[in-house]
Amino acid sequence: MTLRFDNVSFAYHKSCDVLREIDVECRPGITAIIGPNGAGKSTLLRLACGLNTPRAGNVSLDRTSVTAFSAPQRAQRIAFIPQRSRVAMPFTVQAFVRFGRLRCSSSEGAVARALEAVELDDQRDRPLHELSVGQQQRAGVARAIAQLDGATGSRVLLADEPTSAMDPAHRLMVGEVFQSLANTGVTILLSSHDLNEANALADRVLLLSGDGTVAAHAERERVMEPGVLSRAFGVEMRRLRDQGVEALVPTRNG
Amino acid sequence: MKARPVLLIVVAAFGVMLASALRLLVSNVDGGLILAWPGDPTILSIRLWSAIASGLVGGSLAASGVLLQSVMRNPLAGPSLLGMTAGAALGVAIATYITFLYSGTIVMHRAPVVAAVIGALASLGIVVLLASWRGGLDPVSVVLIGLVISVLCGALILLVQHLLPDGGLAFAQRWTMGSITQERAWGLAAGVGGLLVVSLVFGMWLGPSLDAASMSDDEARSVGVELGRLRLACLLIAGLLTAGSVALAGPIGFVGLICPHIARSIAGPSHRTLIVLSTLLGVSMLVLGESLVAAIRLPGGRLPVGVVMALVGGPAFLILLRKGFASGFDSWGRA
């Protein structure tokens, strides 16, 4: 059960590749995607979801190109969480989460479980657009969880900075949800600017450099090193430890 | 479907029956309003035609508005804004001009179905083609291009009007503000009715996809909505519905815009209920409008029902807009 990027290059405009020759294999568990702004983290997730087609190379799930799946087949295997979920009409949170079941057998149980997992079950009847941005992000996570609920075979969850507007308690809660999903065999690609979140959750880390190439892809311990991160982000990174908890902190040189 | 939507649809259907009964009863004789069952079969047939044709026009425009507002994620999307109404009217204008060139007379009595269909679909085709240049059918591009095509068609209609004798006054009377054709073209009505039924079935069948399409493009596609096909199918059906309504009545504004908003404010955004309720509201609205124009007599003759729709629909839309913003409809267009 693998999600493979085979020498993938992608450009929004012909003259400039956003991603260059990405050759990476992602297995069940959490892979954090980190890198500076514009490194191509979100683009990589869009390619994995089949929302964009590579200029060169191929993205495949279990040796089948993700763009070769029909829309229902892809939706039953791959869920995507954007930075912020929005709807153009006043659908309730529950109706929005139910959208995740569009290509699955109807299951109110899956919707209820997903809402409970992100602690939104008490907000189910409110219109989504009335929620705070952090709550909307949790609804997006619930929608993706509902989408993968009960799916058999390979399951992939692509999350693009899913917790960027959440408070600390809900960040931890969503992190625990991702870890429990990973423990059931889901392959999770988590794009994040929060290095400590990536450090806390990821089994492996894919570090993209500013020119859209892979700077590092290895076990978390090998990539989340101050020296590696300092080179990638152009600032000095320090590791602080206190009572068994560690934090990566950027500082200015000197 | 849950109990409340069914109840709303039943009530709306009852409203359609009341409006239709009113249209069959109402008339104006020598300036006096009369409410009576027509004894003469010919008069009954005329009123029956008026009720059925106006109902089909209202229903078609309202169903078309639901589909367009949904797939374009735009509260202002409607047959008029996307250039379809103007395209259909231009098709009719050109057909009228060609007929005039060959026969020397302005033929207004025949329903120019083919010309209206070709006009609506041609303008829709141009809008879709131009909006697809950048890949996909971007809602903003579709609306902006539709607006431009609408203005262009309007200019061409005026040009054709000026090529006709006396500035094409007879033509302008019919095609600047729509009115239900007096020719009892039952075959055309059956065709438009069939199309309306198909579009209702389509809307209910694809209701969940239309619901999910209200998310951002990326999120909608990630849950399995085939956005390109859905948008194309909705545009095509909306184009055919608009063409049918134009063939029956000429261009009538506001019905396609306002009925989906009223239905949404009553029943919520779920499309399975919305398309049926909006269609029934459209039927009632135009049949009532047609009853009103039948009830009043003005020195210049019978008022086109399109005038009533604009006079009632415009202020009603402004009220809805104000009310809608207060009740959370401001999420429109920000996705």
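Among contacts in chain A between residues at least 6 apart in sequence, 66% join residues at least 24 apart. For chain B, the share under that sequence cut-off comes to 80%. Keep in mind that this is a predicted model. Below is a quick tour: the two chains, where they touch, the two sheets of chain A, the helix that packs on one of them, and a couple of odd backbone angles.

**The chains overall**

- Chain A is built with 9 helices and 12 strands, while chain B has 13 helices and 2 strands.
- Burial comes to 48% of the 254 residues in chain A, and to 51% of the 335 residues in chain B.
- For chain A, the radius of gyration is 18 Å, and a compact globule of 254 residues would be near 18 Å, so the two agree.
- If you want box dimensions, the C-alpha trace of chain A spans about 55 × 45 × 30 Å along its principal axes.

**Where A meets B**

- The contact between the chains involves 24 residues of chain A and 24 residues of chain B.
- On the chain A side, the elements that give two or more residues are α2 (71–77) and β6.
- Of these, α2(A) gives the most, with 4 residues.
- Sorted by class, the side of chain A that touches chain B has 16 nonpolar, 4 polar and 4 charged residues.

**The six-stranded sheet of chain A**

- This sheet is open, has mixed pairing, and runs in the order β6-β7-β8-β3-β9-β10.
- Its edge strands are β6 (78–81) and β10 (214–219), each pairing on one side only.
- From one strand to the next, the twist averages 15 degrees.
- Edge strand β6(A) pairs with β7(A), residues 156–160, in the parallel sense over 4 bridges.
- Two of the residue pairings across β6(A) and β7(A) can be named: A:F80 has A:L158 as its bridge partner, and A:A79 has A:L157.
- In a regular strand, side chains alternate between the two faces of the sheet.
- Which way do the residues of β6(A) point? A:I78 and A:F80 go one way, A:A79 and A:I81 go the other way, and all are buried.
- So β6(A) turns up twice in this briefing: as an edge strand of this sheet and, with α2(A), as one of the elements on the side touching chain B.

**The four-stranded sheet of chain A**

- The other sheet described here is also open, with 4 antiparallel strands in the order β2-β1-β4-β5.
- At its edges stand β2 (19–26) and β5 (64–65), each with a single partner strand, so one side of each is left without a neighbour in the sheet.
- Strands β1(A), residues 3–10, and β2(A) run antiparallel and are joined by 5 bridges.
- One of the bridge pairings there puts A:L3 with A:C26 of β2(A).

**Helix α1 of chain A**

- α1(A) packs on the four-stranded sheet, touching β1, β2 and β4 (56–61) of chain A.
- The direction of α1(A) makes about 120 degrees with that of β1(A).
- Why call α1(A), residues 41–48, largely enclosed by the rest of the structure? Because 7 of its 8 residues are buried.
- The buried ones are A:K41, A:T43, A:L44, A:L45, A:R46, A:L47 and A:A48, so the list includes the charged side chains of a Lys and an Arg.
- After α1(A) comes A:G50, with a positive phi near 80 degrees.

**Backbone oddities**

- Most residues other than glycine have a negative phi.
- A:E21 goes against that, with a positive phi of about 45 degrees although it is not a glycine.
- A:E21 lies in strand β2 of chain A.
- Is A:E21 buried or partly exposed? It has 15 other C-beta atoms within 10 Å, so A:E21 is partly exposed.
- A:E161 is another non-glycine residue with a positive phi of about 45 degrees.
- A:E161 is found in the loop between β7 and α6 (168–183) of chain A.
- A:E161 has 21 C-beta neighbours inside 10 Å, so this residue counts as buried, the cut-off being 20 or more.

Technical notes:
Residues numbered from 1 in each chain as written. Chains lettered and ligands numbered in written order. Predicted model: local features only at pLDDT ≥ 70, side-chain atom pairs only at ≥ 80, totals over all residues. Pairing = 2+ DSSP bridges. Axes fitted to C-alpha atoms, helices over the stretch in contact; angles between N-to-C directions. Buried ≥ 20, exposed ≤ 12 C-beta atoms within 10 Å, placed from the backbone. Rg over C-alpha atoms; globule rule 2.2 N^0.38 Å. Contact = placed C-beta atoms within 7 Å.
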